[in-house]
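Student: Pick one part of this model and take me through it close up, please. I'd like one connected story rather than a list.

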Amino acid sequence: MKKQYLLLIGVVLLLTACSSKPPFLSPNLVEQSIITHTKKGQIYNSLEIKASISATYLNQSIKAYEKSPDEVFLVSIFIDKDSDQKERQGIYNSTYTLTMNGQKAIKVEPLKFKDDLIKSLPTRNRWSHYYLINFEKSDQEKLNIVFKSDEYGSVVLNYQKAL
């Protein structure tokens, strides 16, 4: 009887070891790289989230950006009680600033929710604003994205550059 159980366990282990993982459990390499280089943060007032940012460092996560002359990030911004005027929402909200190592962006390109680049993100929602943001190339190993509110403080997203 004991031999039958051992044989059954052996067959089960052999079959599971040789099977491939279902596709929904195996993200492709681009998705893995994007997940690895994406950081998130929130700005709070008491226990209430006032703003949220998610940024993906594209130079190290997507091959097309590896040789970019700039530091390029895909950024998602949500601000609670954002401006009623569309041209003053998200990154254009005058009470918030976004910098990398103390420098302002040199280019900001708003993206549409249906954009392929946004579809590659691990999480996305319709309440956030999405941007492709370029900063001047940095010689430093560490890149610090600072999202700051004039009223509620700031959040820092830290990235390590592969030199």
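Tutor: Start with Ile43, which stands opposite Ala51 in E2. This is a predicted model, so to speak on trust: local features need pLDDT of at least 70, side-chain atom pairs count only at pLDDT 80 or more, and totals for chains, interfaces and linings use all residues. Residues are numbered from 1 along each chain as its sequence is written, and side-chain values use heavy atoms, with hydrogens and water left out.

Back to the strands (E, at least two residues; helices are H or I, at least four; both are DSSP runs numbered from the N terminus). E1 covers residues 38-45 and E2 covers residues 48-57, and the two pair (at least two DSSP bridges) in the antiparallel sense over eight bridges. Just two residues sit between them in the hairpin, where Ser46 takes a positive phi near 60°.

Further along the chain, have a look at Phe113, in the loop between E6 and helix H3 (116-119). Phe113 has a relative accessible area of 24%, so it counts as partly exposed rather than buried (under 20%) or exposed (over 50%; 1.4 Å probe, protein chains only). Leave out residues up to four places away in sequence, and Phe113 still touches Ile118, Arg124, Asn125, Arg126 and Tyr130 (contact means heavy atoms within 4.5 Å). Take Tyr130 from that set: Phe113 and Tyr130 are 17 residues apart in sequence, yet their C-alpha atoms are 7.3 Å apart in space.
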